[in-house]
Amino acid sequence: MLTSAFSHQSFIHLLFNTMVLYDFGTSIHYQLGLNTPLFLAFYASAGTLSSLGSRLVSLLYKTASVSRGSVGASGALYALVAMNAYLHPDWKVSLIILPGVDFSMGQLVPCLLLLDVVGIFRRWQMFDHAAHVAGAAAGLGFITYGREYWNILQGKLDQEHFKRRKGE
């Protein structure tokens, strides 16, 4: 499930995802003061959770196939976009398909997510709508609870490391 976040259908697919990762990932990395291991752990988790969401929806609709899985990082990228929308709803962005038209993140992201929810129920196949929704949920979950749980986990790991070193 994690490897699908690093697989892409074409060079253009990879290029667009890289642009989104750079724009929104850099913003989150600096806005929240995340260290690189935490950011990478979040990104890998968001990619895995979005793939899991995609797989569960495809099993629910009985469209799952062993040969056809999810490709691309869009679920993990949706997590970053949703986090930015939550933190900065007034930021202006534009879509490449609508040049010159600006949207606020607080308006655009909920509309895109609504479109993805409709896509799940209508079984549209153009994009992996379930991965988008699951990725956004992962991002919003992380922005709400993630830092707290990361600090708890890091504290437990540090205690275990100290116990092992002390026992040597």
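**Figure 1. The residue that follows helix α4.** Helix α4 is followed by Arg-123, a residue whose phi is positive, near 60°. In this predicted model, Arg-123 is placed in the loop between α4 and α5, and its phi of about 60° is positive although Arg-123 is not a glycine. Most residues other than glycine have a negative phi. With a relative accessibility of 45%, Arg-123 counts as partly exposed, because that category covers values from 20% to 50%.

**Figure 2. The two sides of helix α4.** Helix α4 runs over residues 105-122, and at 1.5 Å a residue its 18 residues should span 26 Å; the C-alpha atoms at its ends are 25 Å apart, which agrees with that expectation. The buried residues of this helix are Met-105, Leu-108, Val-109, Leu-113, Asp-116, Gly-119 and Ile-120. Seen down the axis of α4, these buried residues fall within an arc of 125°, so they line one face of the helix. On the other side of α4, the exposed residues are Gln-107, Cys-111, Leu-114, Phe-121 and Arg-122.

**Figure 3. His-129 in helix α5 and its contacts.** His-129 belongs to helix α5, which comprises residues 129-167. Its relative accessibility is 6%, and His-129 therefore counts as buried, since the limit for a buried residue is under 20%. When residues up to four places away in sequence are not counted, His-129 touches Leu-115, Asp-116, Gly-119, Ile-120 and Trp-124. Among these partners, Asp-116, Gly-119 and Ile-120 are also listed with the buried residues of α4.

**Figure 4. Tyr-86 and its surroundings.** Tyr-86 is located in helix α3, residues 74-87, and it is exposed, with a relative accessible area of 53%. Leaving aside neighbours within four places in sequence, Tyr-86 is nevertheless in contact with Leu-140 and Ile-143. The C-alpha atoms of Tyr-86 and Gly-106 are separated by 7.3 Å, although these residues are 20 residues apart along the chain. Thr-144, a residue of helix α5, is 58 residues from Tyr-86 in sequence, while the two are 9.8 Å apart in space, C-alpha to C-alpha. Thr-144 itself is partly exposed, with a relative accessible area of 44%.

**Figure 5. A nonpolar patch on the surface.** The patch is formed by Phe-11, Ile-12, Leu-14, Leu-15, Phe-16, Met-19, Ile-96, Ile-97, Leu-98 and Val-101, which together have about 950 Å² of accessible area. One of its members, Ile-12, is found in helix α1, residues 11-31, and is partly exposed, with a relative accessible area of 46%.

**Figure 6. The whole protein, as a setting for the close-up views.** The protein has five helices and two strands, which follow the pattern α-α-α-β-β-α-α when read along the sequence. Of its 168 residues, 35% count as buried. Among contacts with a separation of 6 or more, residues 24 or more positions apart account for 69%. The accessible surface of the protein comes to about 10,900 Å², and 65% of that surface belongs to carbon and sulfur atoms.

Methods. Residues are numbered from 1 along each chain as its sequence is written. This is a predicted model: local features need pLDDT of at least 70, side-chain atom pairs count only at pLDDT 80 or more; totals for chains, interfaces and linings use all residues. Side-chain values use heavy atoms; hydrogens and water are left out. Helices (H or I, at least four residues) and strands (E, at least two) are DSSP runs, numbered from the N terminus. Buried means under 20% relative accessible area, exposed over 50%, partly exposed in between (1.4 Å probe, protein chains only). Contact means heavy atoms within 4.5 Å. Accessible areas come from the Shrake-Rupley method with a 1.4 Å probe; for residues, only the protein chains shown count as cover. The expected span of a helix is 1.5 Å times one less than its number of residues. The arc is that of the directions from the helix axis to the C-beta atoms. Patches are made of residues with over 30% relative accessible area and no salt bridge: like charges are joined within 9 Å, nonpolar side chains (Val, Leu, Ile, Met, Phe, Trp, Tyr) within 5 Å. A salt bridge is a side-chain nitrogen of Lys or Arg within 4 Å of a carboxyl oxygen of Asp or Glu.
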